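Here is a short report on one protein chain and its ligand. Keep the structure in view while you read.

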Amino acid sequence: MITFENVRKVYPDGFEALKGIHMTVAKGELVTLIGPSGCGKTTTMKMVNRLIEPTEGKILINGEDIAHKNPVELRREIGYVIQQIGLLPHMTISKNVSLIPKLKGWAKEKYQKRVDELLDLVGLDPTVYRDRYPAELSGGQQQRVGVARALAAEPPIILMDEPFSALDPITREQLQDELIRLQQEIQKTIVFVTHDIREALKISTKIAIMKDGEIVQTGEPNQIVKEPKNEFVKSFIGDEHSGSVCDGSRMSSYK
Ligand SMILES: Nc1ncnc2c1ncn2[C@@H]1O[C@H](COP(=O)(O)OP(=O)(O)OP(=O)(O)O)[C@@H](O)[C@H]1O
């Protein structure tokens, strides 16, 4: 469980990017942060692995204030996927994916097996791809490796900052489906940032809609669609929900 308690962020130039947010992400939830450009989504996410420190307030993981944790150790426990995947170009796919398990001291046999399992999971045949270098993969395939790498050390928490936004629609749909499966089957706790309300409605168990450094509304996708709190949320959702079908708490079948 991740808890944000009155988290405020003022950047050194005096800009108040977060105005005291409260939010909980329960174990096994996939929470999406969504809102207009500059509303504070990435700032919020980067506080969870201490790439950004709050000016005020606290972030707790399972009740423990992360300010007291060593940032390097904390980051090994949290998977992190970003749009610019950052695979190391001089290392094979296998070496890129096994980086953190190796740092954590896993035996070679164990991490090699894990690499193959993960490549399979994200739809890349390990016998074809494990010994290739990143430059020998397409952008979509590299993105899949990025997801595999984030899962490699079996972190309980995964942060994903617009991980699919540069992908073609088909690959994007496939990875969204994969993510839903991962969250449902392996019960990962996932915080996901996107600009795309369709993506948010499809993949999230809970959505947090942000505006100007504040969380305007949180709720299950169908709840947000049925009961938008104000005109901003209504306009943000737009007509996306027309023709969609409720599938549990998530939304599906857009027309
Ligand atoms: N290092 C910084 N110094 C000053 N202001 C910053 C800094 N980083 C971010 N900001 C400002 O804080 C606000 C929130 O930025 P953040 O990156 O969290 O927004 P976002 O919602 O993720 O935006 P986008 O959707 O465009 O990625 C923005 O107005 C941004 O300009």
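## What counts as pairing

Two strands pair if DSSP finds at least two bridges between them. Strand 1 (residues 2-10) and strand 4 (residues 56-61) pass that test, with 5 bridges in the antiparallel sense. Look for Ile2: its opposite residue in strand 4 is Ile61. Keep in mind that this model is predicted.

## The sheet of 4 strands

Strands 1 and 4 belong to an open sheet of 4 strands. The order is 2-1-4-5, and the pairing is antiparallel. Strand 2 (16-25) and strand 5 (64-65) are the edge strands, and each pairs on one side only.

What holds such strands side by side? Strands of a sheet pair through backbone hydrogen bonds, and they can be parallel or antiparallel.

## The sheet of 6 strands

Another open sheet has 6 strands, in the order 6-7-8-3-9-10. Here the pairing is mixed. Its edges are strand 6 (78-82) and strand 10 (214-219), each of which pairs on one side only. On average, neighbouring strands of this sheet are turned by 15° against each other, direction ignored.

Take one pair as an example. Strand 7 (residues 157-161) and strand 8 (residues 189-194) run parallel, joined by 5 bridges. Leu159 stands opposite Val191, which lies in strand 8.

## Helix 1 and the two sheets

Which strands does helix 1 lie across? In the sheet of 4 strands, helix 1 (residues 41-48) lies across strand 1, strand 2 and strand 4. Helix 1 runs at about 60° to strand 2.

Helix 1 also lies across strand 3 (30-34), strand 6, strand 7, strand 8 and strand 9 (206-211). Those strands are part of the sheet of 6. To strand 8, helix 1 runs at about 155°.

## Around the ligand

Which element gives the most residues to the shell around the ligand? Helix 1 does, with 3 residues. The full shell consists of Tyr11, Asp13, Phe15, Ala17, Ser37, Gly38, Cys39, Gly40, Lys41, Thr42, Thr43 and His195.

What kinds of residue are these? The shell divides into 4 nonpolar, 6 polar and 2 charged residues.

## The annotated domain

The UniProt record, an unreviewed entry, places the feature "domain: ABC transporter" at residues 2-237. Over that stretch the chain is 39% helix and 25% strand. The end C-alpha atoms of residues 2-237 are 26 Å apart.

How values were computed
Residues numbered from 1 in each chain as written. Predicted model: local features only at pLDDT ≥ 70, side-chain atom pairs only at ≥ 80, totals over all residues. Contact = placed C-beta atoms within 7 Å. Axes fitted to C-alpha atoms, helices over the stretch in contact; angles between N-to-C directions. Near = placed C-beta within 6 Å. Nonpolar A, V, L, I, M, F, W, Y, C, P; charged D, E, K, R; others polar. UniProt positions renumbered as here; feature names shortened; annotations may be inferred.
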